[in-house]
Amino acid sequence: MSSSEPTTDTPATSPSRRRDLIPLRQASWAWFLISLQTFGGPAGQIAVMQRTLVDEKRRIGQKRFLHALNYCMLLPGPEAQQLAIYTGWLLNGTIGGLIAGVLFVLPGMIAMLGLAAIYVAFGTTTVVLAIFAGIAPAVLAVVVQAVTRVSKRALTRPAHWAIAVCAFLALALFAVPFPIVITVAGFAGWLIGRRTHGADTSSKPEKDTDETPPLIADDALHADAPSLRRTVLVLGVGLIAWAVPMVAVVVFTGRHSVFTEQGLFFSGTALVTFGGAYAVLAYVAQKAVETYGWLTPGEMVRGLGLAETTPGPLIMVVQFVAFLGAYRNPGDLDPWVAATLGALLTTWVTFVPCFVFIFLGAPYVERLRNNTHLTSALNGITASVVGVIANLALYFAIHTLFADSSLLHWGPIHLLVPDLSTIRPVALVIGVLAAVMVYRLIWSVLRTLGVCALLGLTAGLVGLPVT
């Protein structure tokens with residue numbers, strides 16, 4: 001054992017020691033290494049933190065780690081990144097949370113920025129088109145897998161199945177806005193909880209899963225007493241951090257510029273992303289494609305494919321959306337400068353709320369965690385997420401497997417219908433193979449995407465129609 005590792009003898013009474021339970025340089029290096037391994041969505045990212053922080057370095061106990069995760073699951077936004085912020089805060093205070101959160105998204109941000117630039121510069125070449133033609137069906141298989149995985153965890157009673165089905169129909173047939181769907185689902189979950197007196201068959205008492213004690217005792221971890229002064233301070237700093245770049249954009253580019261539109265839209269999106277990236281992407285796709293016209297449905301699928309191949313939260317796909325939207329609507333700026341500005345602004349307004357949620361709510365985590373009414377509302381939202389992701393899978397399937405589709409209207413019903421004569425045989429075959437890789441062979445997302453990209457490239461090089 002390294003002599004630099006803390007021991008359980010760390011004093012719990014000194015505020016300065018509370019903020020330096022792990023040497024900051026050592027903690028920063030650990031978070032950087034974790035950030036390079038965060039592939040495979042939130043499950044894989046949480047698993048990396050579990051293995052590194054709980055199992056190997058034993059810097060935090062299993063119960064405390066799960067305690068933090070339970071709180072992060074209550075919040076909108078990427079739960080894995082918020083878990084990193086929360087754990088960093090426990091070990092090194094506010095500066096630790098900031099370092100952990102920033103490093104968690106930094107590699108993915110840089111990678112997505114580079115991939116978006118490559119796509120804009122070379123996306124119309126045969127090779128790049130063929131590669132993306134292979135990736136898109138693989139993304140469809142991954143999204144379908146997400147539906148099945150989430151449903152097993154979320155749909156534990158008939159009422160939850162009903163919420164999921166209603167959420168799917170509300171989005172697929174009636175074009176109900178995403179925020180309304182999750183709000184109604186949360187209210188329905190709350191009502192179900194009241195009718196069953198807060199009982200939930202999916203909830204089980206927390207067990208002591210620690211096999212060996214952590215090197216840092218639970219009572220030595222960082223903590224801040226909740227207070228009105230602290231709440232106002234966190235909210236104030238968070239609001240200023242969000243407002244400064246937004247005000248600058250409005251002043252220098254105008255209220256109706258693409259940058260102002262993107263900043264406001266993705267700021268709102270960051271507050272309603274319950275259920276992870278897959279759940280909110282249908283809403284993002286609807287607005288970015290149909291309302292703002294920043295990119296096409298096919299490009300939305302390709303962007304998610306790129307996000308799947310980079311480390312960090314999958315919600316980083318919004319950076320790709322903003323890059324393309326700003327590049328095509330640069331105003332008076334050079335398109336490349338505009339694209340970079342749009343991408344960075346979108347990343348900023350997407351992740352700033354994550355820090356605010358953790359720093360603001362962490363002192364109240366125990367109270368929130370034991371609130372049965374809040375848990376019931378969350379169960380309703382989680383159930384609706386199944387329907388939301390299923391709608392996303394339908395959206396991706398229509399635009400991936402068919403070259404053309406039309407939107408039919410019958411009163412309040414809005415139904416997207418594919419033109420069956422425009423089916424893409426190559427995409428269909430690769431999609432079936434991707435499903436086999438994911439479900440039968442149990443391959444990782446990254447491996448599946450890589451093989452499907454090679455299949456698409458091969459099809460393009462031998463002259464098969466890939467678009």
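In this predicted model, the axes of helix H6 (residues 126-154) and helix H18 (residues 445-461) come within 7 Å and cross at roughly 140°. Because an angle has to be over 145 degrees to count as roughly antiparallel, that crossing makes H6 oblique to H18. The handedness of the crossing of H6 and H18 is right-handed. On the H6 side the contact consists of Thr126, Val127, Ala130, Ile131, Gly134, Ile135, Ala138, Val139 and Val142, and these meet Val445, Thr448, Leu449, Cys452, Ala453, Gly456, Leu457 and Gly460 in H18. Sorted by class, the residues of this contact of H6 with H18 are twelve nonpolar, five polar and no charged.

Helix H18 also packs against helix H17 (residues 425-440), at an angle of about 155° and with the two axes 10 Å apart. H17 and H18 are therefore roughly antiparallel to each other, and their crossing is right-handed. From H17 the contact draws on Val426, Ile430, Leu433, Ala434, Met437 and Val438, while H18 contributes Thr448, Val451, Cys452, Leu455, Gly456 and Ala459. Ten nonpolar, two polar and no charged residues make up the contact of H17 with H18. Thr448, Cys452 and Gly456 of H18 appear in the contact with H6 and also in the contact with H17.

Another helix pair is formed by H10 (residues 258-270) and H13 (residues 317-328), whose axes come within 10 Å and cross at roughly 160°. That angle makes H10 roughly antiparallel to H13, and H10 passes H13 in a right-handed crossing. The residues that make this contact are Val258, Phe259, Gln262 and Phe266 of H10, together with Val318, Val321, Ala322, Gly325 and Ala326 of H13. By class, the contact of H10 with H13 has seven nonpolar, two polar and no charged residues.

The axis values for these helix pairs are set out below.

| Helix pair | Crossing angle | Axis distance |
|---|---|---|
| H6 and H18 | roughly 140° | within 7 Å |
| H17 and H18 | about 155° | 10 Å |
| H10 and H13 | roughly 160° | within 10 Å |

Aromatic side chains give a further view of the model. Searching the whole structure finds 14 aromatic pairs, and one aromatic cluster is formed by Phe265, Phe266, Tyr283, Tyr292 and Trp294. Phe266, a member of that cluster, is also one of the H10 residues in contact with H13. Elsewhere, arginine 447 lies over the face of tryptophan 443, at 3.9 Å from the ring centre.

How values were computed:
Residues are numbered from 1 along each chain as its sequence is written. This is a predicted model: local features need pLDDT of at least 70, side-chain atom pairs count only at pLDDT 80 or more; totals for chains, interfaces and linings use all residues. Side-chain values use heavy atoms; hydrogens and water are left out. Axes are lines fitted to C-alpha atoms, for helices over the stretch in contact, and angles run from 0 to 180 degrees between N-to-C directions. Helices (H or I, at least four residues) and strands (E, at least two) are DSSP runs, numbered from the N terminus. Angles under 35 degrees count as roughly parallel, over 145 as roughly antiparallel, 65 to 115 as roughly perpendicular and the rest as oblique. A crossing is left-handed if the near helix is turned anticlockwise from the far one by less than a right angle, and right-handed if clockwise. Contact means heavy atoms within 4.5 Å. Ala, Val, Leu, Ile, Met, Phe, Trp, Tyr, Cys and Pro count as nonpolar, Asp, Glu, Lys and Arg as charged, and the others, Gly among them, as polar. Rings of Phe, Tyr and Trp (its six-membered ring) pair if their centres lie within 6.5 Å; planes under 30 degrees apart count as stacked, over 60 as edge-to-face and the rest as tilted. A charge sits over a ring if NZ of Lys or CZ of Arg is within 6 Å of the ring centre and within 35 degrees of the ring normal.
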